[in-house]
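User: Could you take a close look at one part of this model for me? I would like to follow a single edge of the sheet and see what lies on either side.

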Amino acid sequence: MAKPVTLVTFVLPSVLGHWGSGATEVRVFAVADSDQGHPTLGAALHTLRRTHPMLEKRLCDEHGGIRRHISMFVCGENARRLGGLACALPPGAEVYVLPAL
């Protein structure tokens, strides 16, 4: 059986768009770790690392976690409250990225 996959849209503020090839939306695929698992925010960021490495460096720290000054909202909910990188992503998830003010 194939691992579940979902398309994820990262919606970026204009200040980070430069690192996303000038786009304010970046789409990547998130692949689950197993046949029975769910695609996660961590899996989406792993794909982002390969497709937009400079953007991923702005969003994640040296340990692969979300930077302290960055908030990510998955379908309107703060990802930190949903399990951080282990947060399950529904099909067609939108992840809004907001830097701290």
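Analyst: Happy to. One term first: buried here means under 20% relative accessible area, exposed means over 50%, and partly exposed is in between. Please keep in mind that this is a predicted model.

Let's start with strand β2, which spans residues 25–31. Its side chains alternate: V26, V28 and A30 point to one face and are buried, while E25, R27, F29 and V31 point to the other face and are not buried. V31, which sits in β2, shows what "not buried" can look like: with a relative accessible area of 38%, V31 is partly exposed.

Where does β2 sit in the sheet? The sheet is open and has five strands in the order β2-β1-β5-β3-β4, with mixed pairing. β2 is an edge strand, as is β4 (77–78), and each of these pairs on one side only. The partner of β2 is β1: the two run antiparallel and are joined by seven bridges. In that pairing, V5 stands opposite V31 of β2. At the other edge, β3 and β4 also run antiparallel, joined by two bridges, and there F73 stands opposite N78 in β4.

The V5 and V31 pair leads to a surface feature. Together with L7 and F29, these two residues form a nonpolar patch with about 340 Å² of accessible area together. Both β1 (5–11) and β2 supply at least two residues each to that patch. F29 and V31 are thus patch members that also belong to the face of β2 whose side chains are not buried.

Now for helix α2, residues 41–51, whose buried residues are L41, A43, A44, L45, T47 and L48. An α-helix has 3.6 residues a turn, so residues three or four places apart point the same way. The cover over the buried residues of α2 includes β1, β2, α3, β3 and β5 (94–99). T47 gives a concrete link back to our strand. This residue lies in α2, and T47 counts as buried because its relative accessibility is 12%, below the 20% limit. Leaving out residues up to four places away in sequence, T47 touches V28 and F29. Of these two, V28 points to the buried face of β2 and F29 to the other.

Since you may be setting up a calculation, here is how the cysteines look. A search of the whole structure finds zero disulfides. C60 is in none, and the nearest cysteine sulfur, that of C87, is 14 Å away. For C87, the closest cysteine sulfur is in C75 at 8.0 Å, which is too far for a bond; a disulfide would need the two sulfurs within 2.5 Å. C60 and C87 both count as buried, C60 because its relative accessibility is 3% and C87 because its value is 2%.

For a contrast with those cysteines, look at H63, in the loop between α3 (53–59) and β3 (70–74). H63 is exposed because its relative accessible area is 71%, above the 50% limit. H63 and P90 are 27 residues apart in sequence, and their C-alpha atoms are 25 Å apart in space.

To return to your edge: β2 pairs on one side only, turns V26, V28 and A30 to a buried face, and shares a nonpolar patch with β1.

Notes:
Residues numbered from 1 in each chain as written. Predicted model: local features only at pLDDT ≥ 70, side-chain atom pairs only at ≥ 80, totals over all residues. Heavy atoms only, no water. Patch = residues over 30% accessible without salt bridge, like charges linked within 9 Å, V, L, I, M, F, W, Y side chains within 5 Å. Areas by Shrake-Rupley, 256 points an atom, 1.4 Å probe, with all protein chains shown as cover. Salt bridge = Lys/Arg side-chain N within 4 Å of Asp/Glu carboxyl O. Helix = DSSP H or I, 4+ residues; strand = E, 2+ residues; numbered from the N terminus. Buried < 20%, exposed > 50% of the residue type's maximum accessible area, 1.4 Å probe, protein only. Contact = heavy atoms within 4.5 Å. Pairing = 2+ DSSP bridges.
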